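This report is for a reader who is new to the structure shown below. Please look over the sequence and the 3D view before going on.

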Protein chains: 2
Amino acid sequence: VTCPVRVADAGDADVVGLLLHEFNREFGVPTPGPGVLAERLRALLGGEGVLALLAGEPPVGVALLTFRPSVWFPGPAATLEELYVVPARRRAGIGGRLLDRVLVEATARGAGTLEIPVDEGDADARRFYEAHGLFHVDPQSGDGRLLYGRDLEP
Amino acid sequence: VTCPVRVADAGDADVVGLLLHEFNREFGVPTPGPGVLAERLRALLGGEGVLALLAGEPPVGVALLTFRPSVWFPGPAATLEELYVVPARRRAGIGGRLLDRVLVEATARGAGTLEIPVDEGDADARRFYEAHGLFHVDPQSGDGRLLYGRDLEP
């Protein structure tokens, strides 16, 4: 079974929003709902700051990349915000294929670095990224990188 | 001694670049040099994706914020990329004043979250952020957040 990966455009906002919504529901994380996500994605997909990848037709996996300016590289810094494959299609290499394409697309946009927020207790995600050459220990300093922060109230 | 904090504009690119360069030099992190940093900042300051704050006149501290799109909030996600006070002016509350203003400016731009990459071994930075109500443990999941990733080759 082939599972082609392609770049999503604004016309894919509904399916991207639905997959991201299902991702959060599966892991008990709040979501504004597939409709709100789709509306935001319609405005963002195809622009400079967001790139989504879809695997399969109909899509069974999604990767969401964002880009922000950086002063440390000639190009932007990329963040892999989300990477999700529906439960029935896991353990078949689809996540790895999405991640490979993430690296290709981030590089093609000139990004100097790819960052991925990962929960400390998410052993599956950590194993997955480490198997693909992505680590949370800075090779320069030998130091682990943590993500601090908090949500802001309007 | 007062130490006012203000938003930098493109005309401040040189001093912002110099402070960021000194920051990396102090901690042994590679830097492209103050000239390259200033050139990049001239193109970025005043735009949507980057906001720098300067403390003191002449400036003795800097904060560098970036913004990227988010689908989880109505507004963008903010990253505090750098926060630096020159050694001679530390332990006088200047960093705290910069951080307070970072939260104000990120909120004013509608950001739904502020994220801060911090080295695991940087006890001073961790203590500083925690004293200001910023943590690397997600209040929802109770799980620490790690930052995975790697630099990309053009």
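The text below covers the relation of the two chains, their interface, the nonpolar core and some local features of the backbone.

**Two chains and their relation**

The model is predicted. Chain B can be laid on chain A by a turn of 180 degrees, with a shift of 0.0 Å along the axis and an RMSD of 0.0 Å. This is the relation of a two-fold axis. Both copies use the same surface, as 100% of the contact residues of chain B recur in chain A.

**The interface**

In the interface, 59 residues of chain B are in contact with 59 residues of chain A. About 5300 Å² of area is buried between chain B and chain A, and carbon and sulfur atoms give 58% of this area. On the side of chain B, the residues that lose the most area to chain A are B:W72, B:L147 and B:Y148; together they account for 18% of what that side buries.

Polar links also cross between the chains. Between chain B and chain A, 34 residue pairs are in polar contact, counting pairs with both residues at pLDDT 80 or more. The rule finds 2 salt bridges across this interface. In a salt bridge, the side chain of B:E81 meets that of A:R68 at 2.6 Å, N to O. Several elements of chain B give two or more residues to the side that touches chain A: α1 (13–26), α2 (34–44), β3, β4, α3, β5 (113–119), α4 (123–131) and β6 (145–151).

**The nonpolar core**

In soluble globular proteins, nonpolar side chains tend to be buried together. Here the largest nonpolar core has 92 residues. Those with the most contacts inside this core are A:L80, A:L114 and A:Y129 in chain A, and B:L80, B:L114 and B:Y129 in chain B.

Which residues does A:Y129 touch, not counting residues up to four places away in sequence? Within chain A they are A:L80, A:L83, A:L99, A:I116, A:V118 and A:L134, and from chain B there is B:Y148. B:Y148 was named above as one of the residues of chain B that lose the most area to chain A.

**A histidine in a loop**

A:H136 is in the loop between α4 (123–131) and β6 (145–151) of chain A. Is A:H136 buried or exposed? A:H136 counts as buried because its relative accessibility is 12%, and the cut-off for buried is under 20%. Leaving out residues up to four places away in sequence, A:H136 touches A:R126, A:D143, A:G144 and A:R145 in chain A, as well as B:E120, B:L146, B:L147 and B:Y148 in chain B.

**Local backbone features**

The table lists backbone angles at two places in each chain.

| Place | Feature | Angle |
|---|---|---|
| A:E57 to A:P58 | cis peptide bond | omega about 5 degrees |
| B:E57 to B:P58 | cis peptide bond | omega near 5 degrees |
| A:R91 | positive phi | phi about 60 degrees |
| B:R91 | positive phi | phi about 60 degrees |

A:P58 lies in the loop between β2 (50–55) and β3 (61–68) of chain A. In chain B, B:P58 is in the loop between β2 (50–55) and β3 (61–68).

A:R91 has its positive phi although it is not a glycine. This residue, A:R91, is in the loop between β4 (77–85) and α3 (94–108) of chain A. A:R91 is exposed, with a relative accessible area of 82%. B:R91 is not a glycine either, and is found in the loop between β4 (77–85) and α3 (94–108) of chain B. The relative accessible area of B:R91 is 82%, so B:R91 is exposed.

Terms used
Residues numbered from 1 in each chain as written. Chains lettered and ligands numbered in written order. Predicted model: local features only at pLDDT ≥ 70, side-chain atom pairs only at ≥ 80, totals over all residues. Heavy atoms only, no water. Least-squares fit on C-alpha atoms with pLDDT ≥ 70 in both. Contact = heavy atoms within 4.5 Å. Core = buried A, V, L, I, M, F, W, Y, C linked by side-chain atoms within 4.5 Å. Buried < 20%, exposed > 50% of the residue type's maximum accessible area, 1.4 Å probe, protein only. Helix = DSSP H or I, 4+ residues; strand = E, 2+ residues; numbered from the N terminus. Buried area = accessible area lost by both parts, 1.4 Å probe. Salt bridge = Lys/Arg side-chain N within 4 Å of Asp/Glu carboxyl O. Polar contact = N/O pair within 3.5 Å; in protein donor to acceptor, adjacent residues only side chain to side chain.
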